[in-house]
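User: Could you take me through one part of this model in close detail, with the cut-offs behind each term? I would like one connected account rather than a list.

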Amino acid sequence: HACKGKHVHHVVYYPQLNKHSLLRLSLMSELRSAINDDQLELFYQPKLDLIQQKIVSVECLVRWHHPEHGFIQPDDFIPLAEQSGHIRALTEWAIDTALKQKKLWLKQDIDVQMAVNISAVDLIDLKLPAYVAQLMTHYALQPNALKLEVTESAVMAEPEQALRALCMLNQMGIKLSIDDFGTGFSSMAQLKKMPLDELKIDKSFVLDLNHDEDDEVIVKSTIELAHNLSLSVVAEGVEDLATLNKLSAFGCDTAQGYFIAKPMTVQSFNDWWDPIELIKQISQGE
Ligand code: C2E
Ligand code: MG
Ligand code: MG
Ligand code: MG
C-alpha cells in the first residue's frame with residue numbers, strides 16, 4: 001500500500017505514511033500480543049427490560065489498555081483487527097471472557113445474559129459456532145446465557161454464509177441480535193430469513209429522540225417493524241428520562257444508554273449493582 005506513488009522521480013515520498021497511518025500499522029501488528037498479554041478488557045453495559053423493570057442482560061464492550069498509547073476505544077482498533085485477521089482471536093477472547101464473568105456473577109446471584117459483539121469475518125465459516133458450542137459445554141451454561149450482536153452490514157456482506165452460521169448458532173439456542181439497525185443497507189428479504197431474536201435501534205436515532213420528529217417516526221416504525229417480525233427491540237443511546245419514557249410509550253422492550261449506566265469494569269459493575277435501589281430509581285420517573 002505504502003509503495004504506491006514510488007514511481008514519481010527521485011524523491012521518494014510516501015504520503016500515506018504519515019504519523020497516523022504509522023500508528024495504525026504498529027497497532028495492527030501489536031494486536032496479537034495485546035490479546036495474549038492481557039491488555040484487553042471487557043466493560044459491561046446493562047440493558048434494562050422496560051416491562052419487567054430489571055436488568056436482564058449486559059453488553060460486553062472491549063477496551064485496549066495500550067502500554068504506550070493508553071486507553072484505546074474499540075472504534076479505533078476493531079476495524080484494524082478486522083483488516084489484519086486478528087478479529088477471530090479477539091472474538092474468541094471476548095466470548096470466553098464474557099462467559100467466564102457470567103460464571104462469576106452467577107455465584108453472586110447476578111443472572112444476566114451476556115451480549116457479545118461479533119464481526120462479519122466471524123460469520124464466513126462455521127468455526128465460530130463450533131467454538132461457541134465447545135465453550136458452552138466447558139462452562140456448563142444454558143445456551144441463552146449468550147447473545148451475539150451482529151451488525152446489519154456484517155450480515156449483508158456474505159448473506160448466504162452468514163445465514164449458515166447464524167442458523168447453527170440458533171439451533172444451539174444461542175440468542176442473536178441485529179446491531180446498529182438503520183445505519184446499513186440491508187435487504188429486508190435477506191434479513192427476514194435470518195433467525196434473529198432481537199433488533200437494536202442505532203443510537204443515532206435515539207440520542208435526539210425527544211427533540212427530533214424524524215427520529216420519532218423512525219423509532220416508532222422500527223419498533224413496529226421489529227414486533228411484526230417477532231423480534232424484541234432494544235434502543236441504544238438512551239441518555240435521559242424523557243427518552244426512556246418515550247420509548248416505553250412506543251412499546252420498546254429494552255433500553256440501553258448512559259441514563260441507565262455507562263459501560264463499566266467488573267469492579268464498578270459490582271458496586272453499581274443493587275436491584276432494589278435500581279427499581280426505586282426507575283419508578284421515580286413514572
Ligand atoms: P455497539 O455494539 O453499537 O455498542 C454501543 C456503543 O454505544 C458503545 O460504544 C457504547 O459505549 C455506546 N453507548 C452506549 N450508550 C450510550 C449513550 O447513552 N450515549 C452514547 N453517546 N453512546 C452510548 P463503544 O463501547 O465505544 O463500542 C463501539 C463499537 O465497537 C460497538 O458498537 C461495537 O460495534 C464495537 N465493539 C465493541 N466491542 C467489541 C467486540 O468485542 N468485538 C467486536 N467485533 N466489536 C466490538
Ligand atoms: Mg453492540
Ligand atoms: Mg449498536
Ligand atoms: Mg455502534
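Analyst:

**Aromatic rings and the metal site**

Happily! Ring pairs link Tyr44, Trp105, Phe269, Trp272 and Trp273 into a cluster. Before going on, a word on the source: this is a predicted model, in which local features need pLDDT of at least 70 and side-chain atom pairs count only at pLDDT 80 or more, while totals for chains, interfaces and linings use all residues. Residues are numbered from 1 along each chain as its sequence is written, chains are lettered from A and ligands numbered from 1 in the order in which they are written, and side-chain values use heavy atoms, with hydrogens and water left out.

A search of the whole structure gives 7 aromatic pairs (rings of Phe, Tyr and Trp, the last by its six-membered ring, with centres within 6.5 Å; planes under 30 degrees apart are stacked, over 60 edge-to-face, the rest tilted). One of them is Tyr44 with Trp105, edge-to-face at 5.0 Å centre to centre and 70 degrees between the planes. This pair links distant parts of the chain, with Tyr44 in strand S1 (residues 40-49) and Trp105 in helix H3 (residues 87-107), 61 residues apart. Helices (H or I, at least four residues) and strands (E, at least two) are DSSP runs numbered from the N terminus. Tyr44 and Trp105 are both buried, where buried means under 20% relative accessible area, exposed over 50% and partly exposed in between (1.4 Å probe, protein chains only).

Trp64 and Phe77 also form an edge-to-face pair, 5.4 Å centre to centre with 80 degrees between the planes. Trp64 belongs to strand S2 (residues 54-66) and Phe77 to helix H2 (residues 74-84), so the pair ties together parts that are 13 residues apart in sequence. Trp64 is buried, with a relative accessible area of 0%, and Phe77 is buried with a relative accessible area of 0%.

Now to the metals. The magnesium ion (ligand 2) has as protein donors Glu59 (OE), Asn117 (OD1), Glu149 (OE) and Asp179 (OD), lying 2.1 to 2.2 Å from it. Donors here are N, O and S atoms within 2.8 Å of the metal (3.2 Å for Na, K and Ca), and water is not among the atoms, so sites may look incomplete. Among these donors, Glu149 in strand S5 (residues 146-151) and Asp179 in strand S6 are 30 residues apart, and both are buried.

Asp179 also coordinates the magnesium ion (ligand 3), and the two ions are 4.2 Å apart. For the magnesium ion (ligand 3), the protein donors are Asp179 (OD), Asp180 (OD), Glu236 (OE) and Glu236 (OE), at 2.1 to 2.7 Å. Asp180 lies in strand S6 (residues 175-181) and Glu236 in strand S8 (residues 232-236), 56 residues apart. Asp180 is partly exposed, with a relative accessible area of 24%, whereas Glu236 is buried at 9%.

Asn117 and Asp179 turn up again around ligand 1: of its 24 surrounding residues (a heavy atom within 4 Å), Arg63, Asn117, Asp179, Glu239 and Tyr258 come nearest. A polar side-chain atom of Asn117 is 2.9 Å from an oxygen atom of ligand 1, and an N or O atom in the side chain of Glu239 is 2.5 Å from one of the ligand 1 nitrogen atoms.

Conventions:
Polar contact = N/O pair within 3.5 Å; in protein donor to acceptor, adjacent residues only side chain to side chain.
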